[in-house]
Each structure stands twice: as structure tokens, then as C-alpha cells.
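Colleague: Could we discuss the interior of this model, beginning with its enclosed spaces and then turning to its nonpolar cores?

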Amino acid sequence: MSTFSFNHINEEKFTALLERYPDKSSLMLPSLWMVQYQEGWISLDAMQYLAKKLECSAMDVYSVASFYTMFLLQPIGTYHLQLCKTLSCMLAGSKTMQEHLQERLGIRAGETSKDGKFTLSLVECLGSCGTSPCMRLNDDYIENLTVEKLDALLEELSHDR
Amino acid sequence: MIVKLVSKNFDIPEAYTLPIAREHGRYASLEKLFKMSPDEVTTEVEKSGLRGKGGGGAHTGEKWRLISPKNTKPVYLVINADEGEPGTFKDRQILEFDPHLLIEGIICSSYAIGAHHAYIYIRGEYVFWMNRLQNAIDEAYAAGILGESILGHKYALHVTIHKGAGAYICGEKTALLESLEGKRGHPRLKPKGKEPEWFFGNPTVVNNVETIASVPYIINEGYGAYQMYGTKESPGTMLFGISGHVERPGVYELPFGTSMKEVIYDLCGGIKNGKKLKAVIPGGSSVQILRADEIEDITLDYESLKAHGSSLGTGGMIVMDEDVSIPEVMKSLFEFYHHESCGQCTPCREGTGWVDRILAKILAGKGTKEDYQTILDACDMLNGKTICVFAPSVAFIAQSYLKKFKDEFEVLIK
């Protein structure tokens, strides 16, 4: 038995979405997103819950959840810094940004800071090539990055909470 | 140089809201649209010569014709907003500055193919753009522009945004549909003849954002007006995104046939910091690279780039100055392609990784003479042995880097 369940808002969203697709299975990605926004990540427990809801096997849910890079299968820090490293950002100096972030945060890419506040990830093209280098901070884009801009941002975030 | 057919409202403040959008001509084409039959709309688009702006360049009207008039199943329109080819960042401008143009285009296109539900598949990272688009859709519903009877006409259309989750391959239309059906984004086997796409077994058209956003102009002004711009085989305009080492990177709407040199040196202010040009990737990272000496007489259209051994692709140009190391560029791209291979076909899943590892070895100064040949052999294994065009594209670009910048690899290989 899974202990996860959708909250009230997501339950309503799910019911409303059922009307908008010819088949229930289309709700796979939207449902995984709802879990992730509700819990911060997607646990095996939640996948079992979705399997029941979507009338498929838990393995089907896992297979999809693990395919897409944006689905988090383990918890991460409060602030997720996703730095783009692909070509246009690389040409604009994303490597320097990475080194600076690693030094400031005391973690390497792929790690979470000890206080659980920051997770640093390197990601492939964010579609922000004209305003590179670019990074996502949770759901927001921060473009035309400079070392100074990063410092100001980290300063601001460290006072948060 | 700049022509504003699609980007006309980009500079108007708050043109993403319905009142301002309407003030500046949005939804004006609908009056005309409903006086035409769906067949007439398709004919108009066909005659305009409008080609898909997501990379493939297929003729839009022809694609719409694949929906059989005898079809009795529900028809769907799916908008490909899964932008994310390195170097490509044009569709987000439409979503950001003029989302109502996209909705207007969706109405025109859905009417032409007989669809009553359209899905916009947008990359998961574009949360800001998704919210903006959703606001526009909500506004349109509230104003009776979307819903059961569009502006009082006997035509129902619903639009739903579907959020992707970080998979480059979902920009490939069949992988996109698999993903929309709730599965892994694995491309489908290609049919023998020409067919529409299928969404849960229903005939479906998949079009890029910019393609659909070009339709209202054609309906409003007629196919002839659209053909005034561009060249014979590439009529109209395209949003070109220029990134990399230019003084003024950005998105510019240009008629097809514009000189590449003029774009780089005049429009974009030339190479940054007074450096010299080394190379250009003309149409998103999955097309062949061009050396500085090859771009002299290139014009931005399907014909010219094909004749010069590359492709127009998405029109996303990446410009590189003389200090750039081409083996490092190639390594960056192979990290991308290896990460983004969907894993369905072994040659692609393994081959992209092999090449990536060999490049790492070469860059670490441990390359051997055989490595150069091994990459070329791997390209042979990648080309033509997989379900979709991801692997062949990777092979073609690898070959172009190795051939055109052989000396840079030789310096690194002992």
C-alpha cells in the first residue's frame, strides 16, 4: 500500500485533465509533474500510487519517470541551480561559472550542500543561446550570467528562509 | 534586411495580453477564415509555399493534405514547442512576446485540417513561457475565441498545453507523440509511404510553433504577399537565432535568401572583440559546420545551404571566433548527443558514447593515430542503422568536423 496521495488541488486537476485527452494514459507526464511539485521529488511510493490511478503497472511509471531528466527520483536542495553547459553557453564561459559556483558552494556538480540548501546540476541546452551563459534557479531562468551576478544571487539566497 | 511578418508585435509593450494583441491585429484573420472552406485554407497555405520551421522544412500544406477527406476519426493538431536544439531559441520569442499569434495560427490550422483539439507540447524548462501562453489561452477562452463556438461561429476548438520533462528527442515528432501518449519518448518506425502522424490511432498533424505562427499572415494577406519575400524554394521569412561570438546575438526575422555574411557582420555587429571568424554552425547543432572561407556567398535559404554541404535546419546559427578549439566544440556536442540519445537503437546509444570517450581521450593528450579513423568508423555504424534521423545527423556532423578541421585533431594526436 502506498502512503502517498494527491492533495486536494492535484486531485481536482487530475479529474479536469481527464476530459482533455482521448486516453487516460496521456496523464502520465502531467501526473508525474504534479507529484514532483507536491513532494519536491518522485518516490517509488508515489509511482505505485500513480500506477493505480493511471491503470498501468508501477514499472510503466518508473520506466517513464526515469527516462526524462527533469523528473527527480531523489530529494534535492531547496535551490536547484541548473547550469547549461552546451555549446553556446560553453562559448560564453559556462565553465568559469561552474568553477565559481563550485568554489562558492563548496560542492561539485551533481551534489547538494550539507545544509540541504543548494543543489548544483549541469544540464544540456536550455534554449537560451542568445543570452548565454544561462542557468535555471528552480523554475526561473537567469541569463547573461557573470561572476558578479552569481555572487549577488548567492548572497541574496543565503539570507533567505 | 529585417522583415516583420511574424515578429511584427514583438516590440510592442504587453502585446502578450489580449486587449493589446487585438489592438494590433491579432485574430483579425478569423473573420476571413470562416468565410473560407477548410480546403480553401489549405490551398492558400499550399500555394504560399510555407515550409516547416522546426528543422525539416517539409511543405506545410502538403502535410495537412495527408489527412484524408474521408476520415471519420477525430483529428488532432499538435504544436511542437519542444525547442532545445543547441543554437535554437527562436520559438520562445513568439511564446514570450506574442502568444496570441500562436493561438490565432492554431485556430486557422485546426480549422483547415478539421481538428477540434490542439495540444501544445512545450519543453519542461520553459515554465515562464508556459505560464505566459496559458494566460493567453485563458484570456482567449474567456473572450469566446476558444471553446465550443469560436467567436460565435459553428466551430469548436480546445487547446491544451502539455509539459515535457527534459528530453531533446521529444522534439522529433513521433517521439513527441509517444511522450504525449504517456510513454518514453522513443521515435516510431517510419511508414513506407506518406502518412499523417497518429495520436492514439487518430490522424494528427505535428507543426512547429513558428510555422503555425506564420499562417495568420498568409490568411490575412494572401499567399502572394508571403511569396513576395524569400526565394523560389524558400518563400517567406524565418526567425534566425544567432548566438556565439557576435557583438549582438539575438533573434532576427529575415527573408530567406539574405546573405549570411551580412547577417553576421552588419546585423550582428561582427565578431566579438575584433576577432576573426573561424566557423559557423548554420542551423542548430545537428547540421554540418562551415569554415569561415566557405560562407562567402552563402545565402540563408534551403537551396544555398544544401548546395554548400550543410542545412538550414532551424536557422539557429552558432558563430565561433578564431580562438575556439574545434575538438572541444565537438566534445561538447557529443556530450549533448550521448546524453540525449533516447537509447532505443544500439548503434546510437553506444556509438555516441564511444565517440564522446574517444574525444575525451584525444583532448587529454592520450589520443593515438587510430582514433581519428575509429571515429569515422563509428560514424558509419551510426548512419542509416537506426529508427530516426538523430544518429545519421550526428554522423554527418562528426564527419564534417573531422574533415574540415583535420589539422586541429592531428595536433592533439601523437
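Modeller: A cavity here is a set of grid points where a 1.4 Å probe fits but cannot get out. The structure is a predicted model.

Colleague: How many cavities of 30 Å³ or more does the count come to?

Modeller: A space is counted if the 1.4 Å probe fits but cannot get out. With the threshold set at 30 Å³ or more, the count comes to 2 cavities.

Colleague: How many charged residues are in the lining of the largest cavity?

Modeller: The largest cavity holds about 80 Å³ of space. Its lining includes B:Ile169, B:Pro187, B:Gln344 and B:Phe390. By class, that lining has 8 nonpolar residues, 4 polar residues and, as to charged residues, none.

Colleague: Which helix gives the largest share of the lining of the second largest cavity?

Modeller: The second largest cavity has about 30 Å³ of space. Among its lining residues are A:Cys84, A:Leu87, A:Ser88, A:Cys89 and A:Cys125. The largest share, 3 residues, comes from chain A, helix 5 (residues 87-91).

Colleague: Which helix gives the most to the largest nonpolar core?

Modeller: The largest nonpolar core has 83 residues, and those with the most contacts inside it include A:Leu32, A:Tyr68 and B:Tyr401. With 8 residues, the element that gives the most to this core is chain B, helix 16 (residues 390-404).

Colleague: How many residues are in the other core, which lies apart from it?

Modeller: Among the members of that other core are A:Tyr141, B:Val6, B:Phe10 and B:Leu101. The core lies apart from the largest one, and its size is 63 residues.

Definitions and conventions. Residues numbered from 1 in each chain as written. Chains lettered and ligands numbered in written order. Predicted model: local features only at pLDDT ≥ 70, side-chain atom pairs only at ≥ 80, totals over all residues. Heavy atoms only, no water. Core = buried A, V, L, I, M, F, W, Y, C linked by side-chain atoms within 4.5 Å. Buried < 20%, exposed > 50% of the residue type's maximum accessible area, 1.4 Å probe, protein only. Helix = DSSP H or I, 4+ residues; strand = E, 2+ residues; numbered from the N terminus. 1 Å grid on protein atoms, 1.4 Å probe; cavity = no way out; pocket = protein on both sides within 12 Å on 5 of 7 lines; lining within 4 Å. Points joined across faces, edges and corners; volume = space filled by probe spheres on them. Nonpolar A, V, L, I, M, F, W, Y, C, P; charged D, E, K, R; others polar.
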